[in-house]
Each structure stands twice: as C-alpha cells, then as structure tokens.
Amino acid sequence: MSNNTITAPEILSPHSHKASSSALLLGAIGVVYGDIGTSPLYALKECFLSEHAPALIPANILGVLSLIFWSIMMVVTLKYLVFIMKADNHGEGGILALFALTHKLTGDKGFLAKFALTAGLLGAALFYSDGIITPAISVLSAVEGLGVIAPKLEAFILPSALVILVLLFSIQHHGTELIGKFFGPIMCVWFLVLATLGVVNILQHPDVLQAVNPRFAWHFIQMDPHRSFLSLGAVVLTLTGAEALYADMGHFGKTPIRYAWFSFVAPALLLNYFGQGALLIQNPAAVQNPFYLLAPEWALIPLVILATLATVIASQAVITGAFSLTKQAVQLGFLPRVQIEHTSAKEIGQIYVPLVNWGLLVGVLLLVILFKTSGGLAAAYGIAVTGTMVVTTLLAGIVMLRGWHWHWAKVTALMVIFLAVDLAFFSANLHKIPSGGWLPLAMGVIIFTVLLTWRQGKQLMAKRLLEIIPLNTNTVNVRNDLVLQVPGTAVFMTSDSGSIPIAFLHNVEHNKVLHERVVFLTLHTEDEPYVMDAERIVIQDLGAQFFRVLVHYGFMEDPDVPTALALCTSHGLTFDLGQTSFFLSREIAIPTVRPGMALWREHFFSWMGRNAASPMEYFNLPAHRVVDLGCHLEI
C-alpha cells in the first residue's frame, strides 16, 4: 500500500484533478452507462422469445414498447436520477454507502436498525450476484452476432465468449488506467450507433412512436393480464445497470450523470428499442435477434466488434464495482481483511482484489458453460436486478424519513409508488426460479451468510474478550509492577477503544517487559466515505506515559498506520518509526456449544479469520517492527 494519504476531495471529487465537466461527462458515459447501454442486445428479444411471451402482433409489440418506455421513465429517470441520487453519503452512492447512511440515522438498536442491516447486506449480496451474471450475459449476447453473420459460426460463440472473459479477468491486475481513457469514446460511438440504427428503422415505420402513449401499455395489460404481467420479467432487462447510476455517483458527480442520461444515453436507448419494435412489426421473423438485424449485412462484422467492446466495458464497470464494494465491506466490518492492490499512483479508487477477481471469473465461466446462451441467462438475471432495486428503495425510504425529515405521508406515498413498480418486476421474475432464477437467489443467500457471519462473529469475539480482560486495569500500577522497562515506544493495536489490548496484557504477563512509552491504537471506520485529516486523530493521555490514540477513517479510505501516527505530531505526540514496535493480537476463534452462533457458522467464522490477509500489510506496518501475539478464544 502507498504511504501517501490522499484526502477526500483529491480522490473522487468532481472538482479535483478530473480535468473538466466534459471529461466527467465522457467518463460517465463510458463507465456508468455501460451495463444499461448494452441491454438492447438482448432485452426486447427476450420479451418475445421467453416461455410466456405474448404473440408477435403489432398491438403486443406496441404494448411492450410502451411498457419499456414508461418503465425506463419511472425507474431510471424518476426514481434513481431524481430521488435516489439525493440520498448520497457525502457524495458517495451504492448499496453499502446507503446502508452506512441509514446506520448513522438508526444506530445499532431497534427494529429499524436491524431492518436496515438485513436489507443492506441482502442488497450487497445481490450486487455480487449481478457481478457474476452481467459479464456472462453481456459478452454472450455480443458474440451471438456471429450466428447472424453466418449460421456456421454459431459453433464459435461459446468458445469465443469464454476466451474473451478469461482475457478480461486476466488483465485486471494491470488496472484500467491505460484502457480506461478509451471507455468514454467507445461508448459514445456505441450510443450513436444505437440511435442511428433505431432512427433508420423507425423512418420505415414511424407509427411505432405512438407507443410513448401509455394507453398502449394499458391496452396490452387489459387484453391479457396474466401474460402481460409475466412480460415484466423480460421488460426489467431494459433497466439492468440502473443501480450503477447511483453506485458511481462518487466518481463523476450527480450533474454529469444526469446530463449524460437526458441529453444522450436515454434518447439513444429509446430510439434503438423503438427501431427494433419497428423492425418486428415489419418482419416478425427478426425476433431471433432484432438488434443485429437492424443493421445492413455489410455492417454486421464491425457491429459485432463494437458490441463486444461495449459489453467488455460494461463488464469492466461491474467488476470494478465489485472490487470497490469489497473494500467498503472490509472497512465496515462485513468481511475479513483481503489483499487489496492499488493499480494507479494517481487514482486511489482504482484497486484490484485478487480473491474477488478470480472468484468472479470462476462463477462467470460456470454460468456461460451451464446456460450457453444469453436467453438462458436472462432467466437468472431479473431476480438479482429487481431484488437490488427493492432494497435500494427501502433504504432510501429510511433516509427520507429520518435523514431528510420528510413528512411520513409524503414518504409513504413515494414508497407505495416505487415499491409497487419494484415488487411488480420482482414478482414477475419469480416464475423464472426453476429455470435459472434460483441461481442469484442461491448466490445471494451464500454471500449474505458470509457477510452476516463475519459481522456477528466479530461482535461475539469482542463480547468474549470483555469477559476475560479486566476493564479496571490501572496502567500506572502496571508500570510500578516488577517488569523490565526498555526504551522506545510500543504500539498495541486493538479494535476496542474502551479496553486494554490483550496483546499488552500477555506481553506484560509472559515477557515481563514494558516500553518507556505505550500507545493503545484503535482504527475506527465511520459511516461516512471520508474523514478530513484535521478530524482524524483523537489522543487521550492515560498517565505514566500511556496513551490511547483513536484514528478515524471513512469507509472509502485505506487505513495507513504510519501516516496516521505522523498526524499525531500536531497533537503533541511524536513517533520515530525506528524506535517504535507494533504489537498485533491474533485472536483465534475456537468454536464451542456456548450460546452465540450455530456451530457450523462458528467454524466458518474461525476459518475466515485464519485466512484473512495479514494485518501488517493491510495497515501498512513496517515488517521489521511488528510483533505478533496470538491467543485462543472460545466463542
């Protein structure tokens, strides 16, 4: 890890080294809209090829287009861009940033606090599921264009997708600093092509534009309520990636994201969907792949290449989001320490998490091999997307009520509207559970269990430590005991700022050694993304050259102990790293039948703890100055 601390405005602020508003706009188009921007590859096709698809007649085509139009307006434009993006955590968005904000408002106790915790962890778990499904369905849908170019190329679709995905994940450790500058221009070309292909086909059947009238959606629903309801399970595919608008808010700011949507992305998407609709009215047989059949035959090969690049960019955005989410989860205490590598000397937000990267790759490859086509994966996709949408709405409702102090009637009205839409989409996907929808649910349950087990396990460990550590230990008496006093400073790291570190007690009890200056150091993660240096350090003088130092970090920051100790100088406490020893306490959990968690969860928690990344590397401690003291703790 780097030894240089970068303050929050330098990291992600729209007013920092991001060159200009135009650069932010270009970046937002390249990163934020990659996922939703590649939905035209498969979304409308699935509306008419799924198991319960409506008949391919003009009235149904117009009805589905009307549902798509108003779904995008309601969910993406109104819900996310107007309301959800208001619920930022000091500029940061995303499911865990939203949870941190609600946690700050609700505290740790009470029904609302427990509800927010459960919803936040469930949303994070579904995001990871989305991170596995998105690269698979996006890349598959792009290379399926090979079958449109020539039927004999269909045999190469699966191998090509697997090769592209392996290459994509294999280059992650290099970071996106080099190729990231091309994301914006490529996606701009992509959206221009989407709009152009749409307009060309709309001109041949301009009546398709009347689908913006909601009466076509209402007529479609009235004609066949059951089938139209199930169609929502495919319509929701047009909304995939909506969560990215909120999650990437900290990187680009609200204004560029909103401006890019209203002025460029939304028109391009809608024109393409309406163009596909016009094509289907003229030629129903084109339903096998209406996106690629929008283009003339001579443009198919370059279109497949462009679509592949666009889906790789969309996948990259999801992978990067999974890395960022993992870092936040570690900082907020939902995951054990993992190896995190910085891939850019300029952008602290560009990170690489090897464990997550290879885990995602294995999951993605298994999905592609198991489902084989984008149509097969579409059944699995909707559950993760709609589940995350529901969770985001619920957490935003808490912020509206507790944070913004809106009247309960206003909040209730908005929640009824948004949840009615979200739950309709979610319910419409439930019938897909046997044919693939079980997958994101299973992955979500597993990841949810991991996150909750680690959090509850750490709380249980802290409780057991309090049972064996004497809270009334007098540090002055310890120095007066018969122990050998040696020069230098000893820093004992502890997660509990209210007790004596167990490593200190063991060192005194077993080694009979005490340094001339002793510091109990606690790193505390706040429910905010960043903490200013002026507010980072709190020092308490315990007397007899004992000090307690509390260091505050935001959940988007990297804990760096040497840099934090350097900040203590302005508080009158100076450290010479050459004369400072760092004592770490490794508490090894021993599962028991005592009340706490289920025995299998305690075993799992103990295994995670033993395999966590080294605290020495995670906290950027000098290797030659670290002393590890372990203890076994029955939980």
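**Exercise 1. Strands β4 and β6**

Find which residue stands opposite phenylalanine 520 in β6, and how many bridges join strand β4 to β6.

Step 1. Phenylalanine 520 faces arginine 548 in β6.
Step 2. Strand β4 covers residues 513–525 and is joined to β6 by eight bridges, the two running parallel. Strands are DSSP runs of E with at least two residues, helices are runs of H or I with at least four residues, and both are numbered from the N terminus. Two strands count as paired if DSSP finds at least two bridges between them.

The model is predicted: local features need pLDDT of at least 70, side-chain atom pairs count only at pLDDT 80 or more, and totals for chains, interfaces and linings use all residues. Residues are numbered from 1 along each chain as its sequence is written, and side-chain values use heavy atoms, with hydrogens and water left out.

**Exercise 2. The whole sheet**

Give the strand order of the open sheet and name its edge strands.

Step 1. Six strands make up the open sheet, in the order β5-β6-β4-β3-β7-β8, with mixed pairing.
Step 2. β5 and β8 are the edge strands, as each of them pairs on one side only.
Step 3. From one strand to the next, the twist averages 25°. Angles run from 0 to 180 degrees between N-to-C directions, and axes are lines fitted to C-alpha atoms, for helices over the stretch in contact.
Step 4. Strand β3 (residues 484–493) pairs with strand β7 (residues 580–590) in the parallel sense over four bridges. Here phenylalanine 492 stands opposite phenylalanine 583 in β7.
Step 5. β7 also pairs in the parallel sense with strand β8 (residues 626–634), over nine bridges. Leucine 633 in β8 is the bridge partner of alanine 589.

**Exercise 3. A serine in β7**

Decide whether serine 585 is buried or exposed, and list its contacts beyond its neighbours within four places in sequence.

Step 1. Serine 585 belongs to strand β7.
Step 2. Its relative accessible area is 18%, so serine 585 is buried. Buried means under 20% relative accessible area, exposed over 50%, and partly exposed in between, with a 1.4 Å probe and protein chains only.
Step 3. With neighbours within four places set aside, serine 585 is in contact with Ile502, Ala503 and Leu629. Contact means heavy atoms within 4.5 Å.
Step 4. Phenylalanine 220 lies 365 residues from serine 585 in sequence, and their C-alpha atoms are 65 Å apart.

**Exercise 4. Two residues of helix α16**

Compile the burial and contacts of serine 324 and glutamine 328.

Step 1. Serine 324 sits in helix α16 (residues 300–331), and glutamine 328 lies in helix α16 too.
Step 2. Serine 324 is buried because its relative accessible area is 18%. Glutamine 328 counts as buried because its relative accessibility is 6%.
Step 3. Beyond neighbours within four places in sequence, serine 324 is in contact with Ile351 and Met556. Glutamine 328, not counting residues up to four places away, touches Leu96, Ala97, Phe555 and Met556.
Step 4. Glutamine 328 and phenylalanine 555 are 227 residues apart along the chain, with 5.4 Å between their C-alpha atoms.

**Exercise 5. Helices α6 and α18**

Describe how helix α6 packs against helix α18.

Step 1. Two packed helices are described by the angle between their axes and the distance between the axes.
Step 2. The axes of α6 (residues 95–106) and α18 (residues 374–403) come within 10 Å and cross at roughly 35°.
Step 3. The residues of α6 that meet α18 include Leu98, Leu101 and Leu105. Among those of α18 that meet α6 are Val391, Leu395 and Arg402.
Step 4. By class, this contact of α6 with α18 has 10 nonpolar, four polar and one charged residues. Ala, Val, Leu, Ile, Met, Phe, Trp, Tyr, Cys and Pro count as nonpolar, Asp, Glu, Lys and Arg as charged, and the others, Gly among them, as polar.

**Exercise 6. Positive phi**

State the phi and the location of histidine 90 and alanine 544.

Step 1. Most residues other than glycine have a negative phi.
Step 2. Histidine 90 has a positive phi near 55° and is placed in the loop between α5 (58–83) and α6. Histidine 90 counts as exposed because its relative accessibility is 51%.
Step 3. Alanine 544 has a positive phi of about 55° and lies in the loop between β5 (537–543) and β6 (546–553). Alanine 544 is partly exposed, with a relative accessible area of 31%.
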